[in-house]
Structures are given as structure tokens and as C-alpha cells.
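The exercises below ask you to work from the fold's sheet and helices down to single residues. Try each task with the structure open before you read the solution.

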Amino acid sequence: MKQVYFLSDAHLGSLAIEHGRMQERRLVRFLDSIKHKAAAIYLLGDMFDFWNEYRYVVPKGHTRFLGKLSELTDMGVEVHFFTGNHDIWTYGYLEEECGLIVHTRPFTTEIYDKVFFLAHGDGLGDPDNRFKLLRKIFHNRICQRLFNAVHPRWGMWLGLTWAKHSRLKRVEGKELPYLGEDKEYLIRFTKNYMKTHANVDFYLYGHRHIELDLMLSRKTRMMILGDWIWQFTYAVFDGEHMFLEQYVEGESQP
């Protein structure tokens, strides 16, 4: 039985990541290492630090990554791409040129007889009112059209610069460490969601850039997938067992 893989938060193209080319190559080598073992790959958001498609223009770079994704879909591997809060602005290119299945909201699906709730994680219980306002603006179709009226030279510069400043506000560019069950808003959201969705077996998220593997009940398990900036972590499901792993080059993978 082939395996199903889950990863998130590479933030490719970030102006705040000095090892960006090495990071992309490492991600591509990982994808290459699983191409014959994977039935499906779920990319749970923020794979790009800023992605915006214009009618005739897409962002510069990422050719190794996009080429590998295209190879995977040509081989028959399902590749699911979830928009995060950094790469919302996709309007058909990734589907048409790379064969990806794009999700713009949380997605519940059955994989090998288990029910999965999959989401990037932004907007799910986050109490930050400023972030909520920005998220509404970013998702607003009128605002998106107005932004795309700006020349790509300035639009891409603005997006990448905004993302860079956002990351540099954090200590060493990293997220806060795990805050505990009571303070992590994704855990609070999940526990509340479970009350009306008892059929879900696994909840998987990105966004927080921490590794978390938590049993919320005898049946229900929640994971936050870390990132592909510093941690190079991913989850893999073989139809019976779910593992949270780290990609270490030179080691055999499960």
C-alpha cells in the first residue's frame, strides 16, 4: 500500500531566509525520494512566502519545486495544495500548469478508511483582531483585483517585503514555542470542533511552525507539522499508522 504525506510552511522565496536555495533543493530531494512511494501529498499552506498570479505573469523562481510537483502529478501522484496566509493569491496556474488540486479552505476527506480534517490553520480560533482584519482584506475579491492592477514589479516587491518584515519581528525569525493546551488556539478550535464532528480521526495543521503530536481522545489525534525552514518535518500515513518524521538527508525514509 502506498503512503500519504503531509507537510507545510516552506515559505520559499522569503527575503528573510538566507539559505533559500539550499532549502528549496532539500525540499525537492525529499519529494524525489518519495515519488515512487506516495499515493498523495498534501501541502498544507505557506509553501511560498508570497505567491500572487497575474493574468500573464507568475512569481520568479521556484522552478525546481514547481518542476518536481509537475513530475509527481504526471506520474499519477495526487498533490493537494492548500493556500495559507502567505500564498492565498492563486487563480488557476498551479492547477493548469502543475496539475495540483488547490484548496482555499479547510478540507475533510477520507484516506484509507480514516477521516482527516486538513487545514493550514490561519483563521481557526486565532484571537488576534488585527490578523482577522488583514485576512478578510486579503481574501476579498475586490481587494485582490485592485492589487493585481499594480504592476508585478511593485506588487511582488510589496508582498515579499511585507512578509520579510513580518518574519523579522520574531526572535531569530522563528515562531513562539509550544504554549500548552490551554493557550494554543488551534487546540482550542479542534476541541470545540470535535464536539460536533465525532467522526474525525486526524486533525492536521501547518501555520504554527511547531511540531506537535497530541491525542485529544482515545480516537482523535491532532498534529501540527513544523516547517521546511529549520525543521524539515512531515507526517506520513501508511493506512494503519501515522508518523511525524524529520527529513535527514542520507537516511532511509519510511
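**Exercise 1. In this predicted model, find the order of the strands in the open sheet of five strands, and say which strands stand at its edges.**

Solution. Going across the open sheet, the strands come in the order β5-β6-β7-β9-β8, and their pairing is mixed. The next step is to count partners: β5 (107-111) and β8 (211-215) each have a single partner strand, so one side of each is left without a neighbour in the sheet, and these two are the edges. From one strand to the next the twist averages 20°. At one edge, β8 pairs with β9 (residues 221-225) in the antiparallel sense over five bridges, and within this pairing D213 has M223 of β9 as its bridge partner. Helix α7 (residues 185-194) packs on the sheet, where it touches β5, β6 (114-119), β7 (202-205), β8 and β9, and its direction makes about 150° with that of β7.

**Exercise 2. Describe how β5 and β6 are joined, and state whether Y112 is buried, partly exposed or exposed.**

Solution. Begin with the pairing: β5 and β6 run in the antiparallel sense over five bridges, with E110 bridged to V115 of β6. The two strands form a hairpin that has two residues between them, and in the turn Y112 has a positive phi of about 50°, although Y112 is not a glycine. For the last step, the cut-offs are under 20% for buried and over 50% for exposed; Y112, at 28% relative accessibility, therefore counts as partly exposed.

**Exercise 3. Apply the same reasoning to D46: where does D46 lie, and is D46 buried or exposed?**

Solution. D46 is found in the loop between β2 and α2, and, without being a glycine, D46 has a positive phi of about 55°. Its relative accessibility is 1%, so D46 counts as buried.

**Exercise 4. Check the length of α1 against the expected span, then describe how α1 packs against α2.**

Solution. With 1.5 Å a residue, the 15 residues of α1 should span 21 Å, and because the end C-alpha atoms are 22 Å apart, the two values agree. Turning to the packing, α1 and α2 meet at an angle of about 10° with their axes 9 Å apart, which means that α1 is roughly parallel to α2. The residues making this contact include R21, E24, L27, V28 and L31 of α1 together with F65, K68 and L69 of α2. The buried residues of α1 are Q23, E24, R26, L27, V28, F30, L31 and I34, and what covers them includes β1, β2, α2 and β10.

**Exercise 5. Which residues have the most contacts inside the largest nonpolar core, and which elements build this core?**

Solution. The largest nonpolar core has 30 residues, and inside it I41 and F65 have the most contacts. Two or more residues each are given to this core by β1 (3-7), α1 (20-34), β2 (38-43), α2 (63-74), β3 (78-82), α3 (93-98) and β10 (233-237), with the largest share, five residues, coming from α1. Now look at F65 alone: leaving aside its neighbours within four places in sequence, F65 is in contact with L12, E24, L27, V28, L31, L43, M47 and F48. A second, separate core has 19 residues, among them F117, Y193, M194 and L212. As general background, nonpolar side chains tend to be buried together in soluble globular proteins.

Definitions and conventions: Residues numbered from 1 in each chain as written. Predicted model: local features only at pLDDT ≥ 70, side-chain atom pairs only at ≥ 80, totals over all residues. Heavy atoms only, no water. Core = buried A, V, L, I, M, F, W, Y, C linked by side-chain atoms within 4.5 Å. Buried < 20%, exposed > 50% of the residue type's maximum accessible area, 1.4 Å probe, protein only. Helix = DSSP H or I, 4+ residues; strand = E, 2+ residues; numbered from the N terminus. Contact = heavy atoms within 4.5 Å. Pairing = 2+ DSSP bridges. Axes fitted to C-alpha atoms, helices over the stretch in contact; angles between N-to-C directions. Expected span 1.5 Å × (residues − 1). Parallel < 35°, antiparallel > 145°, perpendicular 65-115°, else oblique.
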